[in-house]
Amino acid sequence: MTDTVLIIGAGFAGLGTAIRLKQAGITDIVILERGSQVGGTWRDNTYPGAACDIPSLMYSFSFVPNPDWSRAYSGSAEILAYIDSMVERFDLRPHIHFGANVIGLHYDDESATWTAHTEDGRDFTGRTAVMAAGPLANPDWPDIPGIDGFTGKTIHSARWDHDYDVTDKRVGVIGTGASAVQIVPELVERASSVKVFQRTPGWVLPKPNPPHPHWLNAAFRRRPAVQSAARQALFWLHEVVALGVVWDSVATTAVQGIARAHLRLTVKDKWLRRQLTPDFRIGCKRILMTSDYYPALQQNNCKLITWPMYAISPNGIRTAEGVEHELDCIVFATGFDVSKTGTPFPITGSGGRVLGEEWATGAYAYKSVNVAGFPNLFFTFGPNSGPGHNSVLVYNEAQIDYIVSAIRLMRAEGVRAIDVRKDRQDEFNRDIQRRLESTTWNSGCQSWYLTEDGFNATMYPGFATQYVRQLSRVDLEDYTVALTTSDGGYRTAAST
Ligand code: N01
């Protein structure tokens, strides 16, 4: 029982970890999922227009190829169907406990095990635990005065209410990030009026999205190597883009030039163009990929509001110059409450140390996967694992394979606990923070990548290739290792 692997979350990362564990012959897996369905952020983000801005050939696992993607960039329903299909294809359902909302995770030094407590009073214990809850899980409602007094309908982009019909309604959208730019074009088609409340404009690049022709999907089906080659080609194309997007360089100026030209070509009105021109380097905030947003903003029933919001009134939104914008519905496309400091629920490690306290001013880890003092605990999408230019699933696959290798190694060597060495972790993080200094993310804008103090606990400052390479091998030299002895006790590897 105690060799069980606990996985928290049944989104891409949790299911991917379970698949790779099973493929490695490890089957005592318990997946704890707070929802009643798999899919994580793709289960929750079903707003009109929800889609991925990374090509599907890369926004999928290489070990679960799908030859049938309908187009270059898939919509959320198709992605969710892909995630769902993994459950049956790899017989994961018996491992998943739905409605298991983890509210605490605690390590016991005596038994070297983790116990997850759920909201409904259940406990699940395992030798190892994998955090796969995802960073974009909890909607962020902004702190705008009067928010609770609005008498119309409020909807958050990450919890769309499909029973509410926006047809002929006066809709306000707060936010102009990656979610908003997908929602606005859909709303403009249906609502009587759409007012977009912008605090900061983002850089926009066009996103042509051609359907995959039948012959291409047939080729992928007949020759999986063709699909792998296409995936590789896209991967390297995105790696090249890193030169302009990750580091602040002349290539950044070139990419910014493309975004500026796109704005000039698609937005004719000078005033609107000025309002939509960011004052930060491209890449600093997430680049918005859409060909539909600028045209939607210029429709007769759409208006960009750039006056700061003063308050939400019972009838709408009041802006700083004293205008009240009357609305039937407010859409909050205001993003996610991402834990860059603290943890989503209490996690106590060896000796009762509390991870939330250690991460109070910013999260950090060793290679984004382990944290010293929290033995046998592994993170997916952990600190400093975010890409700005490539598929997050490429990074996620590397994390998963590292975790599976570590668990296999533990079993093969009779290891009861591995705990990453603090000196290795500190050295690693010094290097990460030094390298982040020259990136676009740290070049002076405010984004969800940074804490309020400007600490970047989110992004990986390099190529995807470098990230993958650093996780290609588990070196037990990086860890303090406790081995099980023949009498059932244990000793640290150093004392052998
Ligand atoms: O959220 P965001 P999102 N008053 O945090 C504004 C992923 N994603 O849901 O920029 C006024 O980016 C805020 O303004 P500002 C992707 O990783 C992926 O759009 O802070 N405005 C901003 O405009 C992405 O990065 C896909 O000044 C307020 C917006 O709300 C992440 O999800 C698609 C405010 C929030 O933007 C989050 O994107 C969609 C306030 N008080 C999302 N508070 C893919 O295609 C916030 N805002 C894979």
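What follows walks through the overall build of the chain and then turns to two helices and one strand residue. The model is a predicted one.

Starting with the whole chain, the secondary structure comes to 13 helices and 22 strands. The C-alpha trace stretches over about 80 × 55 × 45 Å along its principal axes. For 496 residues, a compact globule would be expected to have a radius of gyration near 23 Å, and the chain comes out at 24 Å, so the two agree. Contacts tell us something about how the chain folds back on itself: of those with a separation of 6 or more, 71% join residues 24 or more positions apart. Some 53% of the 496 residues count as buried. As for the outside, the chain exposes about 21300 Å², with carbon and sulfur atoms supplying 52% of that area. Charged side chains number 47 positive and 52 negative, and 8 Å separates the centres of the two sets.

Helix 1 takes up residues 12-23, and its length is just what one would hope for. Twelve residues at 1.5 Å apiece should span 16 Å, and the end C-alpha atoms do sit 16 Å apart, so expectation and model agree. The helix is mostly covered, with nine of its twelve residues buried. An unbroken stretch of these buried residues goes Phe12, Ala13, Gly14, Leu15, Gly16, Thr17, Ala18 and Ile19, and Leu21 is buried as well. Just past the end of helix 1 comes Gly25, whose phi is positive at about 90°.

Helix 4, at residues 180-190, is also mostly covered: eight of its eleven residues are buried. The buried set is made up of Ala180, Val181, Gln182, Ile183, Val184 and Pro185, along with Leu187 and Val188. These buried residues have quite a list of packing partners. On the strand side, they pack against strand 9 (170-174), strand 10 (193-197), strand 12 (288-289), strand 13 (302-305) and strand 17 (329-332). A helix joins the list too, namely helix 9 (293-297).

Finally, a look at a single residue. Thr118 belongs to strand 5, which covers residues 113-118. Its relative accessible area is 3%, so Thr118 counts as buried, the cut-off being under 20%. Setting aside neighbours within four places in sequence, Thr118 touches Ala100, Asn101, Val102 and Ile103, and Phe124 is in contact with Thr118 too.

Terms used
Residues numbered from 1 in each chain as written. Predicted model: local features only at pLDDT ≥ 70, side-chain atom pairs only at ≥ 80, totals over all residues. Heavy atoms only, no water. Helix = DSSP H or I, 4+ residues; strand = E, 2+ residues; numbered from the N terminus. Rg over C-alpha atoms; globule rule 2.2 N^0.38 Å. Buried < 20%, exposed > 50% of the residue type's maximum accessible area, 1.4 Å probe, protein only. Contact = heavy atoms within 4.5 Å. Areas by Shrake-Rupley, 256 points an atom, 1.4 Å probe, with all protein chains shown as cover. Lys, Arg positive; Asp, Glu negative; His and termini not counted. Charge placed at Lys NZ, Arg CZ, Asp CG, Glu CD. Expected span 1.5 Å × (residues − 1).
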